[in-house]
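Visitor: Can you walk me through this one? I'd like the surface, the inside and the charged pairs.

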Amino acid sequence: MKKSKTKLVSLLLVTAIIGLTGCGAAKNSSASTSETESTSAIASTTESTTANASATTSESATKSESAPKKLVVTGPSAFDTVSYYDESGKLTGFEVELLRAIDEYLPEYEFDFQPTNDFASIFLGIETNKTDIAYCQLEYNEERAQKYLFTKESYCNFPLRLVVLGDNNEINSLEDLKGKTLQVGTGGNDAYIMEQYNAKNGNPINLSYATPDTTITDANLKNGTIDAYVGVERYVKINNEALGFNHKCVGDVLADTKCYFITNLNNTELSARIDEAVVALKSDGTISKLSEQFFGGDYTK
Amino acid sequence: MELFKWSVVWEYLPQIIKYIPVTLKIVLLATLIGTLIGIVLSAFRIYHIPILNAFSKFYISFIRGTPVNIQLYVVYFGVPALLSPIFANFGYDLNRVDAMIFVIITYSLNSAAFLAELIRASVLGVEKGQSEAAYSIGMTKIQTFQRIIIPQAARIAIPDFGNILVNLIKNTSLAYALGIIDIMGIVSIIGTRTHRTLEGYVASAIIYFAISTVIEQIFSVIQKKTAVQS
């Protein structure tokens with residue numbers, strides 16, 4: 001095993017040098033869907049980063065039909081309540097536990113969680129076939145739908161609203177934001193929606209792009225760098241409680257979006273199977289229960 | 001809520017310390033592999049081997065001229081996208097290789113460029129008269145290289161080798177973006193759970209500073225021990 005690992009590394013090294021300096025246009029090679037052929041050498045290298053990897057590595061590459069197909073599942077590694085590590089170092093959270101339930105429901109698949117710290121990497125992983133299923137409270141929009149396959153059954157709502165400091169009474173709607181600065185997430189659906197709004201209305205709002213670090217957002221609100229940000233009420237509540245913020249949601253819902261899982265565009269079968277599982281887990285109350293457990297309320301409708 | 005509490009920093013430290021080995025593993029393997037590649041790259045340049053010399057020159061300036069996190073993404077996403085069809089023929093699914101392997105490859109390739117220049121400068125830094133003197137007493141080329149050039153070049157290389165190592169340690173802090181749980185990875189994990197990130201950054205700064213200081217001290221001792229007594 002050790003030998004094949006070093007062989008693999010050296011092989012990769014040589015090719016990586018060529019790849020790096022060759023500098024060819026990195027096209028998305030039409031994905032070879034050879035997951036089933038992954039040898040035990042590769043299977044055994046997926047270690048430590050995932051909580052449940054150790055349980056899945058013992059399989060060999062036997063082509064027995066009963067062996068479930070291993071799928072890589074990627075989401076955020078540091079998203080409180082959704083996908084995070086608990087004190088014992090176990091990956092958990094609303095979407096993680098939901099995916100575990102889906103995994104259980106689908107005997108033909110076996111999920112291997114490989115979370116990342118970089119939001120853009122979640123999408124890139126799907127595009128490059130590094131990962132099979134992606135999650136991160138991902139909202140549907142048309143731009144994204146051209147590149148990724150969304151599942152059809154939502155499991156969680158995501159009503160976007162304006163968020164301001166608790167003592168701010170000037171801003172109550174998008175109109176009030178004229179000439180002011182609104183923070184949106186880099187690569188986020190809120191950014192997409194606000195860009196569309198700006199394009200339609202002659203750019204009334206200054207958009208400030210940021211990776212959502214709530215502490216920095218709070219500081220920016222207080223020091224006036226931004227006047228408002230786009231958020232979801234349940235997270236605003238959670239942050240107010242956990243971090244002692246005084247933020248409030250104002251105005252109408254900007255977009256009543258829902259969350260879905262995404263897969264590679266070619267992966268229609270997997271997407272359909274996830275939908276079947278989500279429907280079943282919705283009707284037996286599993287998803288509502290998870291929502292109560294992690295969000296403190298049922299946000300599945 | 002207070003923005004910063006020292007008590008939280010002390011809570012962070014023991015948890016971060018557990019992940020120092022992960023960072024050191026990346027650093028050690030990358031230095032080892034990087035040195036080997038660096039020797040080859042510097043040989044191309046020292047002996048002016050046609051084509052390969054140009055390749056080596058380009059490679060070094062490319063690596064030195066691009067940020068490490070971009071290199072990480074190129075190696076992690078770009079290389080498999082280009083090469084997975086080839087690897088599939090050998091039964092390897094490149095897309096399913098552990099992120100840690102790609103991280104080690106990236107940092108190896110990265111440090112190779114810096115080490116290659118260091119090796120080249122050190123070898124060329126040995127006076128020409130030294131090898132001429134060696135030839136004059138009948139040493140062969142290989143003997144001269146082993147007994148005269150390498151010991152002197154190594155001494156020239158020591159201080160900068162330490163600098164490269166310290167830089168590499170700091171650069172590994174970017175690997176957590178790919179999901180690696182190292183010093184920075186555990187800080188982000190604990191920060192999410194406890195909602196106290198600033199203390200985590202301060203705690204990790206203390207750890208990085210401590211590791212770097214230890215390495216600097218080690219190298220300054222080596223430097224003193226190997227210095228020519230005059």
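**Surface, cavities and salt bridges**

Guide: A nonpolar surface patch of about 290 Å² is formed by B:Leu3, B:Leu198 and B:Tyr201. Keep in mind that this is a predicted model.

Visitor: Where does B:Leu198 lie in chain B?

Guide: B:Leu198 is in helix H9 of chain B, which covers residues 198-226.

Visitor: And how does B:Leu198 count by accessibility?

Guide: B:Leu198 counts as partly exposed, because its relative accessibility is 39%. The cut-off for buried is under 20%, and for exposed over 50%.

Visitor: What does chain B look like overall? How many helices and strands?

Guide: Chain B has 9 helices and 0 strands. Its pattern along the sequence reads α-α-α-α-α-α-α-α-α. The C-alpha trace of chain B spans about 75 × 55 × 25 Å along its principal axes.

Visitor: What percentage of the residues of chain B count as buried?

Guide: Of its 230 residues, 51% count as buried.

Visitor: Give me a buried one.

Guide: Take B:Ser108, in helix H5 of chain B, residues 99-125. B:Ser108 counts as buried because its relative accessible area is 0%.

Visitor: How far apart are the C-alpha atoms of B:Ser108 and B:Leu32?

Guide: They are separated by 7.8 Å, although the two residues are 76 residues apart along the chain.

Visitor: New topic: empty space. How many cavities of 30 Å³ or more turn up?

Guide: The search of the whole structure finds 5. The largest cavity holds about 170 Å³ of space. Of the 16 residues lining the largest cavity, the closest to its centre are A:Thr74, A:Gln114, A:Pro115, B:Tyr76 and B:Leu178.

Visitor: Which helices and strands each supply at least two residues of that lining?

Guide: From chain A, strand S1 (69-74) and helix H5 (119-127) do. From chain B, helix H4 (68-89) does.

Visitor: What's the lining of the largest cavity like by class?

Guide: It has 6 nonpolar, 8 polar and 2 charged residues.

Visitor: On to charges. How many salt bridges are there over all chains?

Guide: The whole structure has 16 salt bridges. One of them joins the side chains of A:Lys282 and A:Glu153, at 3.2 Å from N to O. This pair links distant parts of the chain, 129 residues apart. A:Lys282 sits in helix H10 of chain A, residues 268-283. A:Glu153 sits in the loop between strand S6 (149-150) and strand S7 (156-165) of chain A.

Visitor: How do A:Lys282 and A:Glu153 count by accessibility?

Guide: A:Lys282 counts as partly exposed because its relative accessibility is 31%. A:Glu153 counts as partly exposed too, because its value is 28%.

Visitor: What about chain B? Which residue does B:Glu117 meet in a salt bridge?

Guide: B:Glu117 meets B:Arg64, side chain to side chain, at 4.0 Å from N to O. The pair links distant parts of the chain, 53 residues apart. B:Glu117 is in helix H5 of chain B, and B:Arg64 is in helix H3, residues 52-64.

Visitor: B:Glu117, buried or exposed?

Guide: B:Glu117 counts as buried, because its relative accessibility is 14%. B:Arg64, at 45%, counts as partly exposed.

Visitor: Which residues are linked with those two in a network of salt bridges?

Guide: The network links B:Arg45, B:Arg64, B:Glu117 and B:Arg120.

Visitor: Any pair with both partners buried?

Guide: Look at B:Glu199 and B:Arg196, whose side chains form a salt bridge at 2.9 Å, N to O. B:Glu199 is buried, at 1% relative accessibility. B:Arg196 is buried as well, with a relative accessible area of 9%.

Visitor: Last thing: backbone. What is phi of B:His195 near?

Guide: Phi of B:His195 is near 60°, a positive value in a residue other than glycine. B:His195 is in the loop between helix H8 (183-194) and H9 of chain B. B:His195 counts as buried because its relative accessibility is 15%.

Visitor: And in chain A, where does A:Thr81 lie?

Guide: A:Thr81 is in the loop between S1 and strand S2 (84-85) of chain A. Its phi is near 70°, again positive in a residue other than glycine. A:Thr81 counts as buried, at 7% relative accessibility.

Note on methods:
Residues numbered from 1 in each chain as written. Chains lettered and ligands numbered in written order. Predicted model: local features only at pLDDT ≥ 70, side-chain atom pairs only at ≥ 80, totals over all residues. Heavy atoms only, no water. Patch = residues over 30% accessible without salt bridge, like charges linked within 9 Å, V, L, I, M, F, W, Y side chains within 5 Å. Areas by Shrake-Rupley, 256 points an atom, 1.4 Å probe, with all protein chains shown as cover. Helix = DSSP H or I, 4+ residues; strand = E, 2+ residues; numbered from the N terminus. Buried < 20%, exposed > 50% of the residue type's maximum accessible area, 1.4 Å probe, protein only. 1 Å grid on protein atoms, 1.4 Å probe; cavity = no way out; pocket = protein on both sides within 12 Å on 5 of 7 lines; lining within 4 Å. Points joined across faces, edges and corners; volume = space filled by probe spheres on them. Nonpolar A, V, L, I, M, F, W, Y, C, P; charged D, E, K, R; others polar.
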